[in-house]
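Let's walk through this structure together, one feature at a time. Keep the 3D view open as you read.

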Amino acid sequence: MRPKAFLLANIGQLLTLQSFSSKPGPRRGPDLKQLGTIESGAVLCLGGKIVSVGTTKDALRDPWLMKNRKTVTEIDCAGKVVLPGFVDSHTHPVFVSPRLVDFERRIEGASYEEIAAAGGGIRSSLEGVRKAGKRLLAEKVLTVLRDMAAHGTTTVEAKSGYGLTVESELKSLEAIREAASRWPGTVISTLLGAHVVPKEFQGRSREYVATVCKEMIPQAAQRKLAQFVDVFCDQGAFTAEETKRIFEAAEQHGLSVRAHMCQLSRTALQPFLRFNPASFDHMDHVNEEDIAQLAKRDTVATLVPGANYFLGKEYPQARELIDAGVPVALATDYNPGTSPTLSMPMAMSLACTHMRMSPAEAIAAATINGAWALRVADRKGSVEPGKDADLAVFAVEDYREIPYWFGTNRCAMTTMNGTLA
């Protein structure tokens with residue numbers, strides 16, 4: 001139930017993520033370390049929104065609270081850490097089964113490309129999604145969303161991409177919408193019809209791209225099933241020219257774009273910047289010229305270290321990106337083949353230990369910059385009056401413990417749009 005009002009009080013460290021910079025847009029450079037910490041903090045929420053932020057002492061002196069205290073649910077945080085709910089800006093939750101054969105083949109030494117060529121990889125998830133009913137898919141997505149919330153995530157970007165027919169891609173997006181309607185958090189939907197070329201179109205990628213552009217995108221837009229269109233632009237998937245065609249179709253139908261870029265090989269980013277992409281995701285292979293271009297723009301580089309960990313691949317150069325002024329976000333890349341984790345704290349831990357991001361940078365990348373990557377920073381990603389009451393309470397004394405305790409969940413509670421969970 002959504003309480004009319006609630007107060008989180010006696011917060012040991014309240015990380016507001018409020019910006020003290022006059023620069024608009026996502027956090028970058030030294031600003032990525034700004035956490036806006038308040039000791040002995042308090043947050044008052046009403047009607048699903050944050051209405052005041054400050055110290056517990058000041059909150060208890062507030063005239064409105066003093067007058068209405070009997071109607072307010074008070075939660076004693078007893079010195080715990082509170083921060084904005086995580087914004088997981090890159091996930092693939094619509095699938096039926098884990099890819100265990102791929103897992104074993106990789107352990108035996110097969111590469112990502114070899115597994116895909118042998119019929120594994122993304123294509124091996126297609127049959128399950130194509131055969132499954134929308135209700136089953138929705139239940140699976142809902143289970144994932146609830147598990148994510150238990151780890152502190154309150155906003156999730158959810159992609160289709162494991163059906164790769166018009167019918168199954170739209171069914172996947174419908175399943176996402178149904179699951180989202182039953183979850184108090186926020187879901188941003190993305191059409192990833194251009195994940196790979198399905199087997200029935202092998203050698204005829206132009207025809208499949210035409211299907212994406214002329215059928216999937218128009219129908220998803222007309223039925224308001226997606227906010228974004230994504231493309232996996234890399235070797236073994238879609239070329240730069242095919243990606244531009246898909247972006248043009250998205251633009252024509254009023255959908256924003258994002259892309260899997262530079263995961264397996266380098267792709268020049270400059271030709272895609274005219275589409276104003278919200279984010280380029282993975283970014284394992286990016287050169288200095290493209291880094292310089294991104295540093296001038298608000299397109300977010302979303303790093304997904306869970307995939308690098310699970311594939312045993314080199315991690316992206318987060319320090320080079322951050323130090324150059326590129327806005328960086330973190331996400332789980334939750335999916336059955338290359339990153340089966342739904343834990344943002346685990347992604348943050350990998351970012352700290354393998355990508356040399358500081359704990360403060362990891363938190364900002366997992367909250368406010370994730371919100372920028374989804375273009376919801378006006379209402380998500382920081383603890384400020386007027387924003388949605390999305391908060392994560394962690395049973396730790398210091399925010400640095402969140403990425404420090406890897407492989408364990410220290411999240412004690414989340415609030416999503418004012419709903420206590």
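**Rings, strands and cavities**

Counting ring pairs gives 9 aromatic pairs in this predicted model. One to look up is Phe95 with Tyr162: the ring centres are 6.4 Å apart and the planes stand at 85 degrees, so this pair is edge-to-face. The angle cut-off for that label is over 60 degrees, and ring centres must lie within 6.5 Å to count as a pair. The two partners come from distant parts of the chain, 67 residues apart. Phe95 sits in the loop between β6 and α3 (100-107), while Tyr162 belongs to the loop between β7 and α7 (166-181).

Those loops bring us to the sheet. Here 8 strands make up an open sheet with parallel pairing, and you can trace them in the order β6-β7-β8-β9-β10-β11-β12-β13. Which strands stand at the edges? They are β6 (86-88) and β13 (328-330); each has a single partner strand, so one side of each is left without a neighbour in the sheet. On average, neighbouring strands of the sheet are turned by 25 degrees against each other, direction ignored. As a general point, the strands of a sheet pair through backbone hydrogen bonds, in either a parallel or an antiparallel way.

Now zoom in on β6. It is joined to β7 (residues 153-159) by 3 bridges, and the two strands run parallel. Within this pairing, Val87 has Thr155 of β7 standing opposite. Both edge strands also have a helix across them: α14 (residues 359-366) lies across β6 and β13. With respect to β13, helix α14 runs at about 80 degrees.

Next, let's turn to the empty space inside. How many cavities of 30 Å³ or more does the structure hold? There are 2 of them. The largest cavity contains about 110 Å³ of space, and 13 residues line it. Closest to its centre among these are Tyr112, Ile122, His195, Asn335 and Thr338. By class, the lining of the largest cavity comprises 7 polar, 4 nonpolar and 2 charged residues.

The second largest cavity holds about 30 Å³ of space. Its lining is made by Pro345, Phe394, Glu401, Ile402, Trp405, Thr408, Asn409 and Arg410. Sorted by class, the lining of the second largest cavity has 4 nonpolar, 2 polar and 2 charged residues.

Technical notes
Residues numbered from 1 in each chain as written. Predicted model: local features only at pLDDT ≥ 70, side-chain atom pairs only at ≥ 80, totals over all residues. Heavy atoms only, no water. Pairing = 2+ DSSP bridges. Helix = DSSP H or I, 4+ residues; strand = E, 2+ residues; numbered from the N terminus. Axes fitted to C-alpha atoms, helices over the stretch in contact; angles between N-to-C directions. Contact = heavy atoms within 4.5 Å. 1 Å grid on protein atoms, 1.4 Å probe; cavity = no way out; pocket = protein on both sides within 12 Å on 5 of 7 lines; lining within 4 Å. Points joined across faces, edges and corners; volume = space filled by probe spheres on them. Nonpolar A, V, L, I, M, F, W, Y, C, P; charged D, E, K, R; others polar. Phe/Tyr/Trp six-rings, centres within 6.5 Å; stacked < 30°, edge-to-face > 60°.
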